[in-house]
Amino acid sequence: MAASNVQEFRPKPPDTEKITINLGYVDLGHVDLMVQEGFYSNRTDFIRTAIRNQLERHADVVRQSTARKSLDLGLRNYSREDLEAARRAGETLHINVLGLASIAQDVTPELARATIASVSVLGALHASPAVKAALADRMR
């Protein structure tokens with residue numbers, strides 16, 4: 001028998017985004033050799049490490065670009081309440097995120113169009129398909 005005071009939590013969004021890369025056979029063989037020799041636990045570990053090393057190598061340029069473009073860095077959530085407050089204040093939002101921008105699932109396409117003037121996301125945008133479609137002409 002289920003308790004009547006149990007609340008269902010929203011599922012946690014994944015903290016990673018899946019990408020696909022194409023490697024030549026020789027490069028892939030080198031990666032597999034590094035894994036086989038125990039330098040990395042698997043191909044994904046190697047690729048993540050290589051990416052992090054490149055990001056660290058260019059950290060100053062990334063920091064300067066982030067500041068110049070006024071990007072919010074990391075995870076930025078936009079709730080229905082946030083958008084309704086912007087609408088009441090007569091404001092429109094310019095979403096500029098480096099990381100993950102998330103628009104709540106209960107945001108209607110109409111509310112999104114009324115309150116979001118532009119969307120620029122370097123990383124990933126999580127929103128319902130209807131909201132993404134409603135904002136398609138505002139995405140850069």
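Biologist: Let me start with Ser70: is this residue buried or exposed?

Modeller: A good place to begin, and please keep in mind that we are looking at a predicted model. The idea is to take the relative accessible area and hold it against two cut-offs: under 20% is called buried, over 50% exposed, and anything in between partly exposed. Ser70 has a relative accessible area of 52%, so it counts as exposed. You will find Ser70 in the loop that joins H3 to S1.

Biologist: What is notable about the phi of Ser70?

Modeller: Its sign. Ser70 is not a glycine, yet its phi is positive, about 50°.

Biologist: Now let me try Thr66. Where does Thr66 lie, and is it buried or exposed?

Modeller: Look at helix H3, which covers residues 59-68; Thr66 is part of it. With a relative accessible area of 12%, Thr66 falls under the 20% cut-off and is therefore buried.

Biologist: Which residues is Thr66 in contact with, apart from its neighbours within four places in sequence?

Modeller: For this we ask which heavy atoms come within 4.5 Å. Thr66 is then in contact with Leu71 and Leu98.

Biologist: Val62 lies in helix H3 too. How exposed is Val62?

Modeller: Val62 is partly exposed, because its relative accessible area of 35% lies between the two cut-offs. Val62 also lets us compare sequence with space: Ser128 is 66 residues away from Val62 along the sequence, and their C-alpha atoms are 29 Å apart.

Biologist: What does that kind of comparison give for Asn42 and Val31?

Modeller: Those two are 11 residues apart along the chain, with 8.7 Å between their C-alpha atoms. Asn42 sits in the loop between helix H1 (25-36) and H2, and with a relative accessible area of 35% it is partly exposed.

Biologist: And where is Ala136 placed?

Modeller: Ala136 belongs to the segment that follows helix H6 (129-134). It is partly exposed, at 46% relative accessible area. From Ala136 to Arg113 the C-alpha distance is 9.9 Å, for a sequence separation of 23 residues.

Biologist: Let me step back to the whole fold. How many helices and strands are there?

Modeller: The protein has 6 helices and 3 strands. Follow the chain along its sequence and their order is α-α-α-β-α-β-α-β-α.

Biologist: How does the radius of gyration of the protein sit against that of a compact globule?

Modeller: A compact globule of 140 residues would come out near 14 Å, whereas this protein has 20 Å. The C-alpha trace spans about 60 × 55 × 25 Å along its principal axes. Buried residues make up 22% of the 140.

Biologist: What share of the contacts links residues 24 or more positions apart?

Modeller: Counting contacts with a separation of 6 or more, that share is 53%. As for the outside, the accessible surface comes to about 10700 Å², and carbon and sulfur atoms account for 54% of it.

Biologist: Last topic, pockets. How much space lies in the largest pocket?

Modeller: About 1100 Å³. To read a pocket, ask which residues line it and which parts of the fold supply them. Here 25 residues form the lining, and those nearest the centre are Thr16, Glu17, Ile19, Arg48 and Ile51. The elements that contribute two or more residues are helix H2 (43-57) and strands S1 (72-78), S2 (93-103) and S3 (116-126).

Biologist: Which element gives the most to that lining?

Modeller: H2 does, with 7 residues.

Biologist: And how does the lining divide by residue type?

Modeller: There are 12 nonpolar, 7 polar and 6 charged residues in the lining of the largest pocket.

How values were computed:
Residues are numbered from 1 along each chain as its sequence is written. This is a predicted model: local features need pLDDT of at least 70, side-chain atom pairs count only at pLDDT 80 or more; totals for chains, interfaces and linings use all residues. Side-chain values use heavy atoms; hydrogens and water are left out. On a 1 Å grid over the protein atoms alone, a cavity is a set of points where a 1.4 Å probe fits but cannot get out, and a pocket is an open set with protein on both sides within 12 Å along at least five of seven lines; lining residues have an atom within 4 Å of a point. Grid points are joined across faces, edges and corners, and a volume is the space filled by probe spheres set on the points. Helices (H or I, at least four residues) and strands (E, at least two) are DSSP runs, numbered from the N terminus. Ala, Val, Leu, Ile, Met, Phe, Trp, Tyr, Cys and Pro count as nonpolar, Asp, Glu, Lys and Arg as charged, and the others, Gly among them, as polar. The radius of gyration is taken over C-alpha atoms; the globule rule is 2.2 Å times the number of residues to the power 0.38. Buried means under 20% relative accessible area, exposed over 50%, partly exposed in between (1.4 Å probe, protein chains only). Accessible areas come from the Shrake-Rupley method with a 1.4 Å probe; for residues, only the protein chains shown count as cover.
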